[in-house]
Every structure is written in C-alpha cells, then in structure tokens.
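Work through the following exercises with the sequence and the coordinates at hand. Each task is followed by a solution in steps.

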Amino acid sequence: MTTSQKKKPFRIAFLILAGLGLVAFGLTLCTDGSGANSGNVYEADTPRHNTPERLMPGMMPLTAEQIARIPLADGFQWPVGAPGMAFMYDAQPFGTDNPQYGGKHCGQDLNGIGGENTDSGCPVRAIARGLVIYSGCPSESWGNMVIVAHRIPGSDTVHQSIYAHLEERKVQVGDVLYRGQELGTIGSANGRYFAHLHFEMAGSRVVEAGMSGYHPAGTMNRIDPQQFISEHPAPNFPDPFRDILSQLRLNEAFAPGTR
C-alpha cells in the first residue's frame, strides 16, 4: 500500500468531522441562544418587548419580513391636537436654522397653544396605518421614542414617522397600528424640556432612532411633515382598518391553543 493510500482514510475522516462542525455552527446561528429556533425577527436577537435602549444610529436595517408586514396607508393625519392640528402650534418648524443645537432642525416641535407644560400627557396618535419598528429610549436627550413605518400605494419608499420626548409609550415593536391609534403621550424627555412632541418623518429602510435631531449639512433623509401630509391627506372619517385589526385580534385570542 502506498503512502498516499494510507493517508486517504484519514483525509476522509477529517472532511467528515469538518462537515459536521460546520453544520453544528450553522445551527447555532439559527437559534436565539436558548437552543430553540427563532420563529420570526421579533423573537430573534431582541425580545419583542425590549428593543435596545442604547444603539448606534444606522445599525438596525429593516428586514424583509418587517417591510412585508407594513400595511398600505389610506392617508396621513396630524399626530396631536384636534383634526387639522387645531389647538396646537409648531414652535420650531422643519428646516429651521438653530446654530445652538448644531444646524437645521430635522423635524417639528408641536406644542399646545397654552405653551409650557399645558399639553403634557395629551395623546399622540399614529399619523397613518403602519408597523411599529422602534419603541424605546435611544438617549436622554431623545427620551421615550416610537417609530412607525408606513407604505403608500405606488411607492417603494418606506416612510417613517418619528415621535420623541414622550411621557409614555403605549405600543411595542411589531405592533400593527391603525390611523389615529394612540401610541403614547406628550412628554418632556424626563423634564429636559417643556412638554411638546418632537415629530419627524424620514424616507429610510433603516431604523432612524438615535439620529441627530439637528444637522449642519441640512435635514439629511428627513421629509417635511407639513408638505408630506398635505400631499397625502387622510379621508375625513376614522380608519376602517381599526375594525379589521380588532377582528383579527379577536380571532387570535380564541384560536386553538391560545387559551
């Protein structure tokens, strides 16, 4: 028997062991660390109820599953105040130059007409049907924040509505919302400011939590909320999607194996 023939069984054994090792490594990547396969993106790296409180901006791209779950919006309304944002005013409009804070304002500061903390605790509502893609506190200056992703007919752009300085968050990542659904309340970022809603809109497939609210080079990928809402107004009636969601949740509650 030649030397190469003697080595052949050892090579075969080595290749088999290496293959088994790669399979085992691949299986660990497909689990959530507890040995159980993850059911969906919300059960994978981050618990559904506990998105990161601290994160690096731009490091949380939306998944294909998230994008597929974003419902089509039937129009957009203002997040606070009566219809048409009555009893509210824009204390710092989109694109306003503010050198003290480092550049252009990337959103709007929506205040109650009484000023100061008179609007503290007032409801903040989803501007359109959408999917909650962030609910947390990215920094002390941002305070509690909720971000909802939206899609509009005929467009591939994912539009995000960003609600910051909230006193309370009432939704969690993965929730599907109807237009007008309460997602939180107006706050002050734990007393950092007078109560108001810092409201932004962005065109992005990356979660925008933690990005600067001001930028020296302009407003980055932010969209003028006033212009966008005026171009895509909501109909003058409550969102019928609310009843559809209620029925779906009722069916889930009474589905076999859920009780």
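The protein chain exposes about 14100 Å², of which carbon and sulfur atoms supply 57%, with accessible areas taken from the Shrake-Rupley method with a 1.4 Å probe, where for residues only the protein chains shown count as cover. This is a predicted model, in which local features need pLDDT of at least 70 and side-chain atom pairs count only at pLDDT 80 or more, while totals for chains, interfaces and linings use all residues. Residues are numbered from 1 along each chain as its sequence is written, and side-chain values use heavy atoms, with hydrogens and water left out.

**Exercise 1.** Determine how many helices and strands the protein chain has, and describe the open sheet of three strands.

Solution. Taking helices (H or I, at least four residues) and strands (E, at least two) as DSSP runs numbered from the N terminus, one obtains four helices and 14 strands. Next, with two strands counted as paired if DSSP finds at least two bridges between them, the open sheet has the order β2-β3-β13 with antiparallel pairing. Its edge strands are β2 (97–98) and β13 (214–215), each of which pairs on one side only. Finally, β2 and β3 (residues 103–105) are joined over two bridges, and Asn98 has Gly103 in β3 as its bridge partner.

**Exercise 2.** Locate Arg179 and Asp74, and state what their salt bridge ties together.

Solution. A salt bridge requires a side-chain nitrogen of Lys or Arg within 4 Å of a carboxyl oxygen of Asp or Glu, and the structure holds six of them. In the pair formed by Arg179 and Asp74, the closest N and O atoms are 3.0 Å apart. Arg179 lies in the loop between β10 (176–177) and β11 (182–185) and Asp74 in the loop between α2 (64–69) and β1, so the pair ties together parts that are 105 residues apart in sequence. With buried meaning under 20% relative accessible area, exposed over 50% and partly exposed in between (1.4 Å probe, protein chains only), Arg179 is buried at 5%, whereas Asp74 is partly exposed at 25%.

**Exercise 3.** Where do Glu200 and Arg222 lie, and are they buried or exposed?

Solution. The closest N and O atoms of the salt bridge between Glu200 and Arg222 are 2.5 Å apart. Glu200 lies in strand β12 (residues 197–203) and Arg222 in strand β14 (residues 222–223), so this pair links parts that are 22 residues apart in sequence. Both Glu200 and Arg222 are buried.
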